[in-house]
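Subject: Structure handover and notes

Dear colleague,

I am passing on the structure below, together with my notes on what was found in it. Please read the notes with the model open beside you.

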Amino acid sequence: MTHENIAMAGEGYRGAIKIQNTGTEPQSVKVYQRDYWYAFSGESRHDDAGTLARSNAAWIKYSPNLFTLQPNETAVVDFEVSVPANDTLKGTYWSVIMVEGIQPEETAASSGLKIHTAIRYAVQVVTNIGNTGKRDLQFLGMELTTNEDETQVLNVAIENTGERLLKPELNLELFNAEGESIGVFKAERRKTYPTTSVLLSLPLEGVKPGEYAAVLIADCDEDNIFGTNLTLEL
């Protein structure tokens with residue numbers, strides 16, 4: 001659930017979020033803003049809007065912020081992003097619009113207490129300032145693990161240390177002792193905002209035990225390629 005757009009300083013654009021009540025009872029909904037940050041460790045935060053240095057929350061106006069949906073009824077939250085006329089802006093700015101039910105389902109607990117389950121969705125609103133912003137990333141660490149079917153997996157932590165949203169495609173090429181390539185292994189792309197980090201997993205299916213030289217490449221498109229050499233003992 002991401003709305004990503006390109007705009008220059010002083011420009012604006014509009015978007016819409018469609019919401020449907022798929023339940024059998026009326027549902028009241030509130031809409032509000034938060035900033036969003038995450039790390040490869042699994043930690044994620046939805047801080048107050050405007051907390052992050054690259055938050056675009058102040059640029060966004062939306063309506064409505066409170067409404068009730070009947071069963072199967074659909075509503076649309078319209079939003080408008082107005083980029084400040086500031087020539088120092090560069091790279092990527094983002095925040096999230098939160099959509100949350102305010103009449104949560106109740107479940108009786110054994111203690112006699114009632115547990116309120118609130119369902120909320122975070123819609124990411126991303127503004128890229130033209131094609132500006134430095135692209136850079138850092139390999140934070142790597143770890144070999146074994147999955148349930150005994151396939152070895154190389155987990156790679158990557159941090160976006162630049163100014164622009166990156167969507168790296170991770171490729172690992174292994175070479176045997178004779179210098180022959182035995183295959184290229186890939187991980188699914190995951191987007192990383194500046195200052196955030198992700199963990200990408202490369203299953204090494206069909207690789208026999210042994211020592212291998214390897215080249216690890218993070219391809220972020222548009223000739224933005226980052227790499228490192230390593231040795232793996234499988």
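To begin at the surface, M1, I119 and Y121 make a nonpolar surface patch of about 360 Å². Within this patch, M1 belongs to the segment that comes before β1 (2–7), and M1 is exposed, its relative accessible area being 59%. Please keep in mind throughout that this is a predicted model, and that the values quoted here were computed from it.

Salt bridges come next, and a search of the whole structure finds 7 of them. In one of these, E4 is paired with K167, with the closest N and O atoms 3.0 Å apart. Because E4 sits in strand β1 while K167 is in the loop between β14 and β15, this pair ties together parts that are 163 residues apart in sequence. As for solvent exposure, E4 counts as partly exposed at 35% relative accessibility, and K167 is likewise partly exposed, with a relative accessible area of 37%.

A further salt bridge links E80 with R14, where the closest N and O atoms are 3.9 Å apart. Here E80 comes from strand β8 (residues 74–82) and R14 from strand β2 (residues 12–20), so the pair ties together parts that are 66 residues apart in sequence. The two partners fall into separate exposure classes, since E80 is partly exposed with a relative accessible area of 34%, whereas R14 is exposed with a relative accessible area of 68%.

The side chains of R45 and D47 also meet in a salt bridge, at 3.0 Å from N to O, and R45, at 30% relative accessibility, counts as partly exposed. This pair does not stand alone, for salt bridges that share partners join E43, R45 and D47 into one network.

Turning to the interior, which residues does N155 touch, once those up to four places away in sequence are not counted? They are G141, M142, E143, T145, L199, L200 and S201. N155 itself is found in strand β14 (residues 152–160), and N155 is classed as buried because its relative accessible area, 12%, is under the 20% cut-off. With S201, the link is also a polar one, as a polar contact of 2.6 Å joins the side chains of N155 and S201.

Following the chain onward, strand β15 (residues 169–175) pairs with strand β16 (residues 181–187) in the antiparallel sense, over 6 bridges. The two strands form a hairpin with 5 residues between them, and in the turn G179 has a positive phi of about 80°. Where the hairpin turn is flanked by its strands, you will find F175 standing opposite S181 in β16.

Finally, there is P64, which lies in the loop between β6 (60–63) and β7 (66–69) and which, at 29% relative accessibility, counts as partly exposed. Leaving aside neighbours within four places in sequence, P64 is in contact with V31, V76 and V77. Between P64 and V29 the C-alpha to C-alpha distance is 9.8 Å, although these two residues are 35 residues apart in sequence.

With best wishes

Methods
Residues numbered from 1 in each chain as written. Predicted model: local features only at pLDDT ≥ 70, side-chain atom pairs only at ≥ 80, totals over all residues. Heavy atoms only, no water. Helix = DSSP H or I, 4+ residues; strand = E, 2+ residues; numbered from the N terminus. Buried < 20%, exposed > 50% of the residue type's maximum accessible area, 1.4 Å probe, protein only. Polar contact = N/O pair within 3.5 Å; in protein donor to acceptor, adjacent residues only side chain to side chain. Contact = heavy atoms within 4.5 Å. Pairing = 2+ DSSP bridges. Patch = residues over 30% accessible without salt bridge, like charges linked within 9 Å, V, L, I, M, F, W, Y side chains within 5 Å. Areas by Shrake-Rupley, 256 points an atom, 1.4 Å probe, with all protein chains shown as cover. Salt bridge = Lys/Arg side-chain N within 4 Å of Asp/Glu carboxyl O.
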